Amino acid sequence: MKIFIYIVFILCGVHTSVAQEKILLWPQGKMPNSKGVIVSDTIIDGRLFQVGEPRVYVYPAAKEKNTGAAILIVPGGGYLRLTADYSNIPIASYYQQQGISAFVVCHRMPASPDLEVPEIAPWQDIQRAMRIICANAAKWGIDSNRIGVFGGSAGGHGASTLATHKEDISAIGDELDCFSYTPAFMILLSPVISFESPIVHEGSRDRLLRDNSSEELIEFFSNEKHVTPDTPPAFLVHANDDKVVSPLNSIVFYQALKNAGVESSLHIFPYGGHRLGIGNCTGSAAVWPNLSIDWLKEMKFVE
């Protein structure tokens, strides 16, 4: 019996320590917007400041729970840094447990010395990640018509850029070019949306646009200005006391969606600051994850 218990303990330890499947976004030598400069991952205090190989991590839903829906998660970090440990992303794990396959993109930073056009690099990687999910939908038991995007903070800007801009900037002439990168829905948590004053998060704007903060680019990346009737519906969450990213970002985006006739849902909670997440919310804001699932069901993305 002792030997059996020991073996079970070892097997369980192996299971919990296995990292998520990692898929590189670009074939070797085919990454667009590259000068050919070799960049390695740079990790400082558990944060990733340079990304050598853009990639996506897979959290597939268990077969017995699989709803057929999926979500691509774009992490926050102000276009400066990302998380370095992708083995346990709470938001990805939450949606995975709800039967929604989750994917976390690790995109290039605008400050990379390898980039020809810094401001489009994160967007290119996010587009490519969506195409990879669509191309492999059958493998993971996913309905390609029910793949959405999630973004928190500056990740909300990346996610909403994907949803509001139709330009194909990730085609490289391979078999993935024919797959869609347009999400079916958005879930945006404390998102950066607008690059216009007075509601802009200046850090995200300045890091993305670098030394090219022209009025044309500011308007181009103010995503509330690019909503059309074809824009996918959004579930928006913000805290009224968020001192980092103004809740007006969510409000102006909801207004634009409403004006375009896009069915969406807006939730502004009184407290929570810029720390809304899974398991760290208090008060009424703690209900937002379950509300997002109810909304997905209401909108028929999850049955």
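**Pockets, sheets and a few local details**

Let me start with the lining of the largest pocket: 15 of its residues are nonpolar, 12 are polar and five are charged. Keep in mind that this is a predicted model.

How much space lies in that largest pocket? About 950 Å³. It is lined by 32 residues, and those closest to the centre are R47, G76, G77, H274 and L276. Which elements give two or more residues to this lining? They are strands β5 (70-74), β6 (82-83) and β8 (147-152), together with helix α2 (90-97).

Now the second largest pocket. Its volume is about 420 Å³. Here 19 residues form the lining, with Q28, G29, M31, G52 and E53 closest to the centre. Sorted by class, that lining holds 10 nonpolar, six polar and three charged residues.

On to the sheets. One is an open sheet of eight strands. Read across, the order is β1-β4-β7-β5-β8-β9-β10-β11, and the pairing is mixed. Why do β1 (21-24) and β11 (265-269) each have one side without a neighbour in the sheet? They stand at the edges, and each has a single partner strand, so one side of each is left without a neighbour. Direction ignored, neighbouring strands in this sheet are turned by 20 degrees against each other on average.

As a reminder, strands of a sheet pair through backbone hydrogen bonds, and they do this either parallel or antiparallel. One parallel pair here is β9 and β10. β9 covers residues 186-189, β10 covers residues 234-239, and four bridges join them. To find the register on screen, look for M186, which stands opposite A234 in β10.

What lies across this sheet? Helix α3, residues 121-135, lies across β1, β4 (55-59), β5, β7 (101-106) and β8. Against β5, helix α3 runs at about 160 degrees.

There is also an open sheet of three strands, in the order β2-β3-β6. Its pairing is antiparallel. β2 (42-44) and β6 are the edge strands; each has a single partner, so each keeps one side without a neighbour in the sheet. Three bridges join β2 to β3, which covers residues 47-50. Within that pair, I43 stands opposite L48 in β3.

Next, charges. Side chains of opposite charge can pair when their charged atoms come close. How many salt bridges does the model have? With a cut-off of 4 Å between nitrogen and carboxyl oxygen, the count is eight. One of them is formed by K139 and E21, whose closest N and O atoms are 3.6 Å apart. What does this pair tie together? K139 sits in helix α4 (residues 137-140) and E21 in strand β1, so the bridge links parts that are 118 residues apart in sequence.

Two backbone details to finish. First, where is the cis peptide bond between S197 and P198 placed? P198 is found in the loop between β9 and α6 (202-209). Omega for the bond that joins S197 and P198 is about 5 degrees. Second, N33. This residue is not a glycine, yet its phi is positive, at about 65 degrees. N33 lies in the loop between β1 and β2.

To recap, the largest pocket holds about 950 Å³, and the second largest about 420 Å³. The two sheets I described are the open one of eight strands and the open one of three. Questions are welcome.

How values were computed. Residues numbered from 1 in each chain as written. Predicted model: local features only at pLDDT ≥ 70, side-chain atom pairs only at ≥ 80, totals over all residues. Heavy atoms only, no water. 1 Å grid on protein atoms, 1.4 Å probe; cavity = no way out; pocket = protein on both sides within 12 Å on 5 of 7 lines; lining within 4 Å. Points joined across faces, edges and corners; volume = space filled by probe spheres on them. Nonpolar A, V, L, I, M, F, W, Y, C, P; charged D, E, K, R; others polar. Pairing = 2+ DSSP bridges. Axes fitted to C-alpha atoms, helices over the stretch in contact; angles between N-to-C directions. Contact = heavy atoms within 4.5 Å. Salt bridge = Lys/Arg side-chain N within 4 Å of Asp/Glu carboxyl O.
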